[in-house]
Amino acid sequence: MPISGNIAWLEEALQSVLGQTFSSWEFLAYIDGENPEAEEILRAFGPRFTYQTGKVRVGAAVARNLCILRAKGTYVAALDSDDKWDREHLAKSVDALTKTPGSVLVACIPIHIDE
């Protein structure tokens, strides 16, 4: 998860990760630029939510790629700090990938929400 600027929805995004029915996940974030509030929120979620920080902004794409380089799992699921997942998102994604030989990507249709 790349994190920069406004973190108004960060806690909800992290809660959606915690609420997944698929439990074999690792969480990696990159705080793009100094953001002590984001660090505090991530620390409150515990050691399973790992992150690194960069003092100079690199942009969301580079931040996401830096996380992917550190990932240990088989699959990567992208989540932005202002999004949230349905409880079954990871379970359904992994199920689709494992049941469809040769597949390399799962996409979903977003549901737009507001305050």
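This report walks through a predicted model, from its nonpolar core to its largest pocket and then to some exposed residues.

**The core**

A good place to start is the interior. The largest nonpolar core holds 19 residues, and Met 1, Ile 3, Leu 10, Leu 14, Phe 27, Leu 42 and Phe 49 are the ones with the most contacts inside it. At least two core residues come from each of helix 1 (10–18), strand 2 and helix 2. Helix 1 is the main contributor to this core, giving 4 residues. In soluble globular proteins, nonpolar side chains tend to be buried together.

Ile 3 is a helpful residue to click on. Leaving aside residues up to four places away in sequence, Ile 3 touches Leu 10, Ala 29, Tyr 30, Ile 31, Asp 32, Ala 38, Leu 42 and Ser 81. Two of these partners, Leu 10 and Leu 42, are also listed among the core residues with the most contacts.

**A buried asparagine**

Asn 35 sits in the loop that links strand 2 (27–32) to helix 2 (36–44). Is Asn 35 buried or exposed? Asn 35 counts as buried because its relative accessibility is 8%, and the cut-off for buried is under 20%. Its side chain reaches the backbone oxygen of Gly 5 at 3.4 Å. Beyond residues up to four places away in sequence, Asn 35 touches Gly 5 and Ile 7.

**Val 17 and its neighbours**

Val 17 belongs to helix 1. With a relative accessibility of 2%, Val 17 is buried. Setting aside residues up to four places away in sequence, Val 17 touches Trp 25, Phe 27, Phe 49, Leu 79 and Trp 85. Phe 27 and Phe 49 also appear among the core residues with the most contacts. Trp 85 deserves a second look: Val 17 and Trp 85 are 68 residues apart in sequence, yet their C-alpha atoms are 6.9 Å apart in space.

**The largest pocket**

Leu 79 and Trp 85 lead us on to the largest pocket. Together with Ala 77, Ala 78 and His 89, they are the lining residues that lie nearest its centre, out of 46 in the lining. The space in this pocket is about 1600 Å³. Which elements each supply at least two residues of the lining? They include helix 1, strand 2, helix 3 (60–70) and helix 4 (89–99). Helix 4 gives the most, with 7 residues. Sorted by class, the lining has 29 nonpolar, 6 polar and 11 charged residues.

**Exposed residues**

Finally, here are some exposed positions. Leu 69 lies in helix 3, Lys 99 in helix 4, and Ile 113 in the segment after helix 4. Each row of the table pairs one of them with another residue of the chain and gives the C-alpha separation.

| Residue | Relative accessibility | Paired residue | Residues apart along the chain | C-alpha separation |
|---|---|---|---|---|
| Leu 69 | 71% | Gly 59 | 10 residues | 16 Å |
| Lys 99 | 62% | Val 76 | 23 residues | 17 Å |
| Ile 113 | 63% | Asp 83 | 30 residues | 9.3 Å |

Why does Leu 69 count as exposed? Its relative accessible area is 71%, and exposed means over 50%. Lys 99, at 62% relative accessibility, is exposed as well. Ile 113 is likewise exposed, with a relative accessible area of 63%, and its C-alpha atom is 9.3 Å from that of Asp 83, 30 residues apart along the chain.

Conventions
Residues are numbered from 1 along each chain as its sequence is written. This is a predicted model: local features need pLDDT of at least 70, side-chain atom pairs count only at pLDDT 80 or more; totals for chains, interfaces and linings use all residues. Side-chain values use heavy atoms; hydrogens and water are left out. Buried means under 20% relative accessible area, exposed over 50%, partly exposed in between (1.4 Å probe, protein chains only). A polar contact is a pair of N or O atoms within 3.5 Å; within protein, one must be able to donate a hydrogen and the other to accept it, and residues adjacent in sequence count only if both atoms are side-chain atoms. Contact means heavy atoms within 4.5 Å. A nonpolar core is a set of buried Ala, Val, Leu, Ile, Met, Phe, Trp, Tyr and Cys residues joined through side-chain atoms within 4.5 Å. On a 1 Å grid over the protein atoms alone, a cavity is a set of points where a 1.4 Å probe fits but cannot get out, and a pocket is an open set with protein on both sides within 12 Å along at least five of seven lines; lining residues have an atom within 4 Å of a point. Grid points are joined across faces, edges and corners, and a volume is the space filled by probe spheres set on the points. Ala, Val, Leu, Ile, Met, Phe, Trp, Tyr, Cys and Pro count as nonpolar, Asp, Glu, Lys and Arg as charged, and the others, Gly among them, as polar.
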